[in-house]
Amino acid sequence: MSLKDVVRTSVLSSRWRYLWMFTSGTLDFDDWNTSTRKIMKREKFKALVNRVLNLHQGSRVDNLVIRFTNLCYQFRTSEIDSWIYFAMRKKVKGFELDFSVDDGFHCCYKFPSIEELLLLSPSSAFGSLRCLKLVDVDIDDEVIRYFLASCPYIEHLCIRDSDATMNLEIVGPLPNLKKLEISNCLNLRSLEISSTNLVSCTYQGRKISSPFKNTPNLTELTLGGKFCHSFAYEPNKHSSYSDQLVKLVLNFQTVGRERPIASPDLHTLYFLERLELNIVSIGCRSLFFFTSLIKGSPNLRKFKIKIEYFTYSQQSTALKLNGGRMELFPEVTSATTGGFHHKNLKVIEMCGYIGLRSEDEFIMQLIKVAALSLDVVFIDTQTDYHFYCAKESYGTNALQRSSELYDRQRRHAICCATDLKRKCISQIKFVIT
């Protein structure tokens, strides 16, 4: 039940006014108002959350979700602690705290220690927990180990943007753990994952020794940061677990010094059926490097690539921050990546298409290598790139001219995609949006 639902229920009638106080379902709080597209004032949001939690009379709550993007340095830890203690008392199955903001601000809230948790609940503090998601919450390694040891039903664990997580071990008898995410923990030095029933894992962060020690059922993997680059550029270092993957998502979104040479062919991923790439690029840069990933996946059925392009000012800023160089991905020619045929690729999807020659050449190359198996090509021209270009050209004050430029660039992309469709084999279906 969201805050909006609480208000709606309260005004229906005097009979229904207090029914929400006994709900055993989900309490979902979010300071972002999707209808007004505005963030609720900080003190007002905290007061609402505190009031609802204090008035709740039920013995249990299945899920507690609090997304608070308007937190600041001057906050009272005791207030957030009380939200955690509420989750403990109500024996929640799902618990999410999300304090993330788009501008990179880190609120520095520290999750209570084991001693503090046990002081309130001598037995297992979260014995019923099945899902724990902490975003922009600093949590110590020993507290995470405590959760894993004392929550026998936990199925999903997500730790994102925690500066206190340094040497993490996801090991031991974890019979129900199916989904794991460890992302953007800047101080993480080591990670060990040994969970025999783990199916899906996300790791985004620095390059570390391979964390996957015993994960025989791992079939879905998402990688980002420097570790993602290691997977693509040093494939043999990851062969112990990559062979079993069915779905792979690679986020090539790290900017730094550019690699001078391309990587060798990817280690063959025989079971891979779905490959998704999220990349940042600059206009007209060749995309042929990613053909090697498809070549190394002979049973691939669906390939998706989402491209975010730097505008001129974004590119200039990135160059200044990285000493005049940017690490994107190796630039290679079609001659070095062609020469093979793919017998199983059915679907190609490109998101963020803006009508560049490099995009058309890449799509045409894929159609050529999968000519006998390909069924459909999806091209999505919706992208924030048009918005940022319009904003750079006319600024936020010239809304009408910015809107006109956005529409013109979008129409140009659709026209280019339509021209590409005319050049292709007639039996291949094109879907352009």
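Mentor: A salt bridge is a side-chain nitrogen of Lys or Arg within 4 Å of a carboxyl oxygen of Asp or Glu. Keep in mind that this model is predicted.

Trainee: What makes Glu 234 and Lys 237 a salt bridge?

Mentor: Their side chains meet at 3.2 Å, N to O. The cut-off is 4 Å, so the pair qualifies.

Trainee: Why is Lys 237 called exposed, and Glu 234 partly exposed?

Mentor: Lys 237 has 53% relative accessibility. Exposed means over 50%, so the label holds. Glu 234 stands at 24%. Buried needs under 20%, and exposed needs over 50%, so Glu 234 falls in between.

Trainee: How do you know that Arg 67 and Asp 30 meet in a salt bridge?

Mentor: The N to O distance is 3.9 Å. That is within 4 Å, so the pair counts. Arg 67 sits in strand E4 (residues 63–67) and Asp 30 in strand E1 (residues 26–30), 37 residues apart. Arg 67 is partly exposed at 24%. Asp 30 is partly exposed too, at 29%.

Trainee: What makes Asp 28, Asp 30, Arg 67 and Glu 96 one network?

Mentor: Shared partners. The salt bridges among these residues have partners in common, and that joins them. By the 4 Å rule, the count comes to 13 salt bridges.

Trainee: Are Lys 46 and Glu 79 buried or exposed?

Mentor: Lys 46 has a relative accessible area of 7%. Glu 79 has 12%. The cut-off for buried is under 20%, so both labels follow. Their side chains form a salt bridge at 3.2 Å, N to O. Lys 46 belongs to helix H2 (residues 42–55) and Glu 79 to helix H3 (residues 77–89), so the bridge ties together parts 33 residues apart in sequence.

Trainee: Why is strand E17 called largely enclosed?

Mentor: Five of its five residues, 347–351, are buried, so the rest of the structure largely encloses E17. Val 347, Glu 349 and Cys 351 point one way; Ile 348 and Met 350 point the other.

Trainee: How do you know that E17 pairs with E16 and E18?

Mentor: Pairing takes at least two bridges. Five bridges join E16 (residues 302–309) to E17, in parallel. One of the contacts sets Lys 306 against Cys 351. Five bridges also join E17 to E18 (residues 376–380), again parallel. There, Met 350 has Ile 379 as its bridge partner.

Trainee: What is the hand of the crossover from E17 to E18?

Mentor: Right-handed: the chain passes from E17 through helix H11 (residues 357–369) to E18, a β-α-β crossover.

Terms used
Residues numbered from 1 in each chain as written. Predicted model: local features only at pLDDT ≥ 70, side-chain atom pairs only at ≥ 80, totals over all residues. Heavy atoms only, no water. Helix = DSSP H or I, 4+ residues; strand = E, 2+ residues; numbered from the N terminus. Buried < 20%, exposed > 50% of the residue type's maximum accessible area, 1.4 Å probe, protein only. Right-handed = clockwise from strand over helix to strand, strands pointing away.
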